[in-house]
Amino acid sequence: MNLYADYHTHTSYSHAKGTVEENIQSAIKANLKEIGIAEHGPQTLFVGVSNKKFENLYDEIISLRDKYPEIKILFNIEANLLDYEGNIDLPPFVENKVDMLLLGFHPNIVPSSKSFPMVTNNLLSRNLGLRKERTRWYNTQGLIKAMKKYDISLITHPGHKVDVDTKQLAKACAETNTALEINCKHGMKIKDFVDIAKSEGVKFIVSSDAHHPNEVGEFSKGISIIKKLNIPKSMIVNSERST
Ligand SMILES: [Zn+2]
Ligand SMILES: [Zn+2]
């Protein structure tokens, strides 16, 4: 299977190694036709990209588009779910310019009174095994509310570090035309989630979640899951169609 786009890569704007330009050069080397720079939303604990830095990143992408016309360079964001109401950290500037809105459910976000129940539930559930069912239900509802509020293209690494009801989530994704990610950083651990989600007819996007330019376009773990589970090309958004 040939994958032509990597929509989820990070740079030194957050905590990753490498510049935007280095990611683009790696993507060209990997024969990709599209690359997305999807930096962490401002409320990511310690590594979130500020509103001002998103403006700089956008300017940099605009000039790199001129320098590398052979590849499509997307200004994406990996925003955070902030609370169970489905609010996310999407700065207005980014909302106006963004090519693809990615949403991740990260347990490490800047604490606030609104995020408190969500953060606490997940801490108790993950570390002490408490409130497991309730946490899974609320987590899933939070993501579904966000998908209804915002035009989200992709849910990144669903179920990673936080519990979600995969079937419910995949059903809502199929309804709202939101893709679920096959995240190549997490490998075979995510096979079960992909297996459950595929039965709901959801679309997938395979991405590297690169934190180093060398990882851009590194899809081998995702491709082995796709092969093992016999997922058809038609379900993979970033797979090359033979015409
Ligand atoms: Zn993430
Ligand atoms: Zn990421």
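Here is a short conversation about the predicted model shown above.

Biologist: Which ground rules apply to the numbering and the values?

Modeller: Residues are numbered from 1 along each chain as its sequence is written, while chains are lettered from A and ligands numbered from 1 in the order in which they are written. As the model is predicted, local features need pLDDT of at least 70, side-chain atom pairs count only at pLDDT 80 or more, and totals for chains, interfaces and linings use all residues; side-chain values use heavy atoms, with hydrogens and water left out.

Biologist: Happy with that! How compact is the protein chain for its length?

Modeller: The protein chain has eight helices and seven strands (DSSP runs numbered from the N terminus: H or I of at least four residues for helices, E of at least two for strands). Its C-alpha trace spans about 50 × 45 × 30 Å along the principal axes. The globule rule (2.2 Å times the number of residues to the power 0.38) gives 18 Å for 243 residues, and the radius of gyration, taken over C-alpha atoms, is close to that at 17 Å, so the chain is as compact as a globular protein of that length.

Biologist: Which protein residues are donors of the zinc ion (ligand 1)?

Modeller: Donors here are N, O and S atoms within 2.8 Å of the metal (3.2 Å for Na, K and Ca), and sites may look incomplete since water is not among the atoms. Along the chain, the donors of this ion follow the spacing E-x27-H-x50-H. Lying 2.2 Å from the zinc ion, they are Glu78 (OE), His106 (NE2) and His157 (NE2).

Biologist: How far apart in sequence are the parts that the two histidines tie together?

Modeller: His106 lies in the loop between strand 4 (100-104) and helix 4 (116-128), and His157 in the loop between strand 5 (154-155) and helix 6 (166-176). Therefore the pair ties together parts whose separation in sequence is 51 residues.

Biologist: Are His106 and His157 buried or exposed?

Modeller: The classes rest on relative accessible area: under 20% is buried, over 50% exposed, and in between partly exposed (1.4 Å probe, protein chains only). His106 has 13% and His157 has 6%, so each of them counts as buried.

Biologist: What is the distance between the zinc ion (ligand 1) and the zinc ion (ligand 2)?

Modeller: Glu78 bridges these two ions. They lie apart by 3.3 Å.

Biologist: Turning to helix 8, which elements do its buried residues pack against?

Modeller: Helix 8 (residues 220-228) has Gly222, Ile223, Ile225 and Ile226 as its buried residues. Seen down the helix axis, they fall within an arc of 160° (from the directions to the C-beta atoms), so they line one face of the helix. The face turned away carries the exposed residues Lys227 and Lys228. Through contacts (heavy atoms within 4.5 Å), the buried residues pack against strand 6 (179-183), helix 7 (191-198) and strand 7 (204-207).

Biologist: Which residues have the most contacts inside the largest nonpolar core?

Modeller: A nonpolar core is a set of buried Ala, Val, Leu, Ile, Met, Phe, Trp, Tyr and Cys residues joined through side-chain atoms within 4.5 Å. The largest has 64 residues, and helix 2 (residues 51-67) gives the most to it, with five residues. Those with the most contacts inside this core are Ile88, Leu103, Leu180, Val194 and Phe204.
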